[in-house]
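Please open the structure in your viewer and keep the selection panel at hand. The stops below go from one chain as a whole to a sheet, then to the cores, and finally to the contact between chains.

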Amino acid sequence: MNVIEIEDVHKAYEDVAVLRGVSLNVTRGTVYGLLGPNGSGKTTLIHVMLGFLRPDRGTLRVLGSNQLQRIDGRVGYVPERLRYHTRYTAREYLHYLGRFSNLSGAALSSRINAELGAVGLAAVADRQLSTFSRGMLQRIGIAQALLSEPELLLIDEPTSGLDPGGQHDVIALLDRVRTRGCTIFIATHFLDEAELLCDRIGVLHAGRIAAETEMHMLRGPGGSVVITVEALPPGMAETLASLSPAVRCTGQEITLAPNTPALQARVLRALLDGGVAILGLVPQHRPIEEFYLRAVRGEKAPDRTSQVVEPSPDAIVPPPPGPSGTGDTLLRELLSREEGRQRSEPESDA
Amino acid sequence: MSALHRTLQFAVFTLIEYLRSGRIMVEALATAAAFYLLFRRWTTPMAPEYFFSTVGLFTLGLTFYTGSAILALGDRPPGYVLLARRLGRGPYLLGLYTAILAVTWGVYGVICLLVAATNPVEGLDLRGWLLGTAPLLLNLALLAALLTLLSPIVLPTPWRLAVLALVALAFSGSLIGGPTMASLPVPVAVGLDVLRTVLSTPLLPAFTGFAISVSRDYSGVSIAIPVAQLFLVIGMLALAVYTFARRELIFSS
């Protein structure tokens with residue numbers, strides 16, 4: 001069943017058209033990521049879904065209802081740019097928001113304690129929000145959205161403006177939230193966020209969903225990989241080149257293009273067996289990045305009949321990360337060996 | 001939770017934020033200054049007419065500030081988080097309105113208590129105070145309702161300007177009168193006169209309310225004045241809630 005059904009929605013601010021025929025569906029229990037550059041209309045679409053704005057044209061059903069102002073209790077909303085009433089303590093703020101969601105008494109207190117604990121703010125529950133860091137404010141935003149145990153969570157730019165630590169905390173928190181089973185709709189322009197959290201993504205560009213796909217189609221090591229090594233012993237370049245025509249050796253760099261987990265595993269195994277010190281392994285074009293850029297550049301006409309736009313035909317779309325023994329595991333093995341070697345060196349020096 | 005309960009809850013929520021933001025210091029300082037300048041013990045005893053007319057004008061002026069400040073609090077993006085819940089747009093707007101009344105009526109109450117304690121009004125008993133207070137408080141409610149209706153979250157700018165123009169036209173009698181009216185072509189003068197009469201009728205309860213609070217004379221049909229004030233307040237608020245519920249919600253950034 002679809003929790004969100006949007007069909008040909010148009011919205012303009014005076015003469016400026018922001019949404020020009022957006023259509024998308026979000027299935028119950030999934031995490032949908034709406035990607036798009038700043039100003040592409042992501043927030044506008046969320047505000048339309050919340051009933052704050054009316055579409056000029058098109059149909060929209062959220063949780064089976066087109067009376068959008070009446071579904072408010074079943075939807076949790078995390079706004080962009082940490083817009084909260086900061087003159088309250090965290091507990092007071094959640095208390096009032098709980099009251100506005102028809103919660104009260106012991107049930108409300110219990111929900112507040114549970115959510116403050118879940119977002120890791122129980123220890124600062126009685127501190128005023130104005131003293132919170134941006135990361136903490138975003139966590140209180142998620143707590144308030146979850147307070148009434150909503151069926152649908154609408155999250156607008158959850159990590160925007162946060163430092164890397166704050167971004168990591170919020171993504172980890174949202175990863176835990178998705179296990180609760182509620183449907184989540186995230187608007188973001190951070191690809192990492194979408195890659196880590198979403199089951200399906202759509203790219204909003206020029207007022208339309210320019211491309212849409214299942215996220216598992218885009219996960220994996222990437223279209224190509226460059227492995228940097230200290231130095232290749234004589235004959236190693238030929239050995240590697242013999243593994244596949246996709247392997248090219250140039251000085252200290254070994255390029256796998258296109259890359260696959262199996263090929264990456266074989267190359268790493270050969271380097272490992274040859275005693276070559278590996279300095280780095282960098283995926284060159286992440287499929288999600290390529291998918292996104294192609295969509296916003298309009299390099300490929302979106303196939304709206306199938307609702308799924310495949311990544312570029314020349315990019316290899318690998319399956320999800322493979323079992324142990326593939327490149328990922330070997331890389332970890334290499335790194336742990338390297339760490340062990342570094343630890344043993346000072347001892348031998350002594 | 002009923003709409004009334006939600007309205008009161010949101011009014012308390014707004015008042016707490018207003019107090020903690022420190023904006024209330026303006027009201028506190030203005031009240032202290034007004035008391036010192038206008039109502040402290042003087043050489044002659046204070047007459048009821050002086051008290052009601054002075055406190056009436058002071059609280060009306062203060063309502064402009066308080067109303068604008070509280071409505072500005074409601075016109076900020078954090079409001080989206082509240083309205084995404086079950087609060088509802090009606091209780092949201094009426095909660096802001098109730099918060100304005102709580103502050104302005106509270107200021108009036110504080111002035112009355114200070115005056116009663118330090119410089120009692122000569123010849124004013126409890127009955128007389130109640131008769132003067134009722135239309136005065138209703139006038140404050142009327143002004144607060146007008147400010148709510150004219151706030152940016154309720155009416156878009158062109159509509160606000162149109163309403164203000166109509167109010168200005170209703171008040172234009174003191175500016176365009178006598179010789180000016182006589183110099184106008186007859187159809188224009190008659191048309192303007194009709195417009196003024198029509199437009200000023202809704203404002204009549206406000207003017208007469210002020211007069212009755214000063215005179216406390218409820219003889220004849222004067223008893224209808226507070227009732228008219230009350231209906232005007234309800235009418236304005238109903239219009240504001242109706243408009244706000246149907247407006248697209250775009251808070252000021």
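What percentage of the 350 residues of chain A count as buried? In this predicted model, 42% of them do.

Begin by selecting chain A and colouring it by secondary structure, which shows ten helices and 13 strands. If you draw the contacts in chain A between residues at least 6 apart in sequence, 73% of them join residues at least 24 apart.

Next, select strands 10, 11, 12 and 13 of chain A, which form an open sheet of four strands in the order 11-12-10-13, with antiparallel pairing. At its edges, each pairing on one side only, are strand 11 (247–250) and strand 13 (278–283) of chain A, and the twist from one strand to the next averages 15 degrees. Zoom in on strand 10 (residues 225–229) of chain A, which runs antiparallel to strand 13 of chain A and is joined to it by five bridges; here Val229(A) stands opposite Ile278(A) of strand 13.

Now add the helices that pack on this sheet. Helix 7 (residues 236–243) of chain A touches strand 11 and strand 12 (253–256) of chain A, and its direction makes about 160 degrees with that of strand 11. Helix 8 (residues 261–273) of chain A touches strand 10, strand 11, strand 12 and strand 13 of chain A, with its direction at about 155 degrees to that of strand 12.

For the next stop, turn to the largest nonpolar core, which has 135 residues and in which Ile140(A), Leu154(A), Phe185(A) and Ala145(B) touch the most other members. Helix 5 (residues 89–118) of chain B gives this core its largest share, 13 residues. Apart from this core lies another, of 13 residues, including Ile227(A), Val229(A), Ile254(A) and Leu268(A).

Which residues are in contact with Phe185(A), leaving aside its neighbours within four places in sequence? Select Phe185(A) and display Ile4(A), Val26(A), Tyr32(A), Leu34(A), Leu152(A), Leu153(A), Leu154(A) and Ile155(A), which are its contacts on that basis.

Finally, bring chains A and B into view together, where 18 residues of chain B are in contact with 20 residues of chain A. On the side of chain B that touches chain A, helix 1 (3–21) and helix 4 (78–83) of chain B each supply at least two residues, and the largest share, six residues, comes from helix 1. Colouring that side of chain B by class gives ten nonpolar, two polar and six charged residues.

Conventions
Residues numbered from 1 in each chain as written. Chains lettered and ligands numbered in written order. Predicted model: local features only at pLDDT ≥ 70, side-chain atom pairs only at ≥ 80, totals over all residues. Pairing = 2+ DSSP bridges. Axes fitted to C-alpha atoms, helices over the stretch in contact; angles between N-to-C directions. Contact = placed C-beta atoms within 7 Å. Nonpolar A, V, L, I, M, F, W, Y, C, P; charged D, E, K, R; others polar. Core = buried A, V, L, I, M, F, W, Y, C linked by C-beta atoms within 7 Å. Buried ≥ 20, exposed ≤ 12 C-beta atoms within 10 Å, placed from the backbone.
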